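Here is an informal walk through one fold, strand by strand, with a stop at the ligand and another at the surface. Have the 3D view open as you read.

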Amino acid sequence: MADRRKLTDAEIEQYLAQAPGWSVADGKLRRAFQFGSFVEAFGFMSSVALAAEKMDHHPEWFNVYNRVVIDLNTHDVGGISPLDFELAARINGLAP
Ligand code: H2B
């Protein structure tokens with residue numbers, strides 16, 4: 001399991017190369033998703049919620065109808081950690 005260590009900006013740049021769709025906004029990892037309907041968006045959120053709970057690492061997110069914006073950071077360290085990238089990779093695996 002990835003650790004909760006605050007990454008430097010240079011490390012974040014390296015990790016981003018392996019995290020398609022994700023970028024840094026307001027000091028957090030962010031990706032926006034769009035679905036065909038609210039039910040599809042909410043189904044995706046349910047899958048992410050279960051994965052997040054298993055990891056004990058939880059997203060900040062915003063949903064309007066078929067759009068979901070997810071922000072990831074690690075509150076415990078006040079920044080982005082390898083665990084955020086681990087969750088980002090799992091989320092990418094759940095996205096259609
Ligand atoms: N999620 C996120 N995104 N960051 C954290 O620092 C964090 C978390 N900490 N989920 C966990 C829970 C911590 O509060 C518990 C006590 O392990």
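Strands here are DSSP runs of E at least two residues long, numbered from the N terminus, and two of them count as paired if DSSP finds at least two bridges between them. Keep in mind that this is a predicted model.

With that in hand, start at β1, residues 23-25, which is joined to β2 by 3 bridges, the two running antiparallel. One of the pairings to look for is Val 24, whose bridge partner in β2 is Leu 29. The hairpin of β1 and β2 has 2 residues between the strands, and Asp 26 takes a positive phi near 55° there.

Next comes the other partner of β2. Strand β2, residues 28-34, also pairs with β4 in the antiparallel sense, this time over 6 bridges. Follow β4 further and you meet β3, again antiparallel, with 5 bridges between them. β3 and β4 form a hairpin too, with 2 residues between them, and in its turn Tyr 65 has a positive phi of about 50°.

Here are some residue pairs that involve β4:

| Residue | Opposite residue in β4 |
|---|---|
| Gln 34 | Arg 67 |
| Val 64 | Arg 67 |
| Ala 32 | Val 69 |
| Phe 62 | Val 69 |

So what sits on either side of β4? Arg 67 is the bridge partner of Gln 34 and also of Val 64. Val 69 likewise stands opposite Ala 32 and is the bridge partner of Phe 62.

Now for the surface. Which residues form the nonpolar patch there? The patch is made of Phe 38, Val 39, Phe 42, Phe 62, Val 64 and Tyr 65, and together these have about 620 Å² of accessible area. Two elements give two or more residues to it, namely α2 (38-55) and β3 (60-64). The largest share, 3 residues, comes from α2. Tyr 65, for its part, is found in the loop between β3 and β4. Some of these names should be familiar: Phe 62 is bridged to Val 69, Val 64 is bridged to Arg 67, and Tyr 65 is the turn residue with the positive phi.

Last stop, the ligand. Which residues are around the ligand? They are Arg 4, Asp 56, His 57, His 58, Asn 73, Thr 74, His 75 and Asp 76. By type, this shell divides into 5 polar and 3 charged residues, with no nonpolar ones.

Zoom in on the oxygen atoms of the ligand and you can pick out several contacts. A polar side-chain atom of Asp 56 lies 2.5 Å from a ligand oxygen. On the backbone side, an N or O atom of Asp 76 is 2.9 Å from an oxygen of the ligand, and a polar backbone atom of His 75 is 3.1 Å from one. Taken alone, the ligand exposes 390 Å², and the protein buries 68% of that.

Technical notes:
Residues numbered from 1 in each chain as written. Predicted model: local features only at pLDDT ≥ 70, side-chain atom pairs only at ≥ 80, totals over all residues. Heavy atoms only, no water. Patch = residues over 30% accessible without salt bridge, like charges linked within 9 Å, V, L, I, M, F, W, Y side chains within 5 Å. Areas by Shrake-Rupley, 256 points an atom, 1.4 Å probe, with all protein chains shown as cover. Salt bridge = Lys/Arg side-chain N within 4 Å of Asp/Glu carboxyl O. Helix = DSSP H or I, 4+ residues; strand = E, 2+ residues; numbered from the N terminus. Near = heavy atom within 4 Å. Polar contact = N/O pair within 3.5 Å; in protein donor to acceptor, adjacent residues only side chain to side chain. Nonpolar A, V, L, I, M, F, W, Y, C, P; charged D, E, K, R; others polar.
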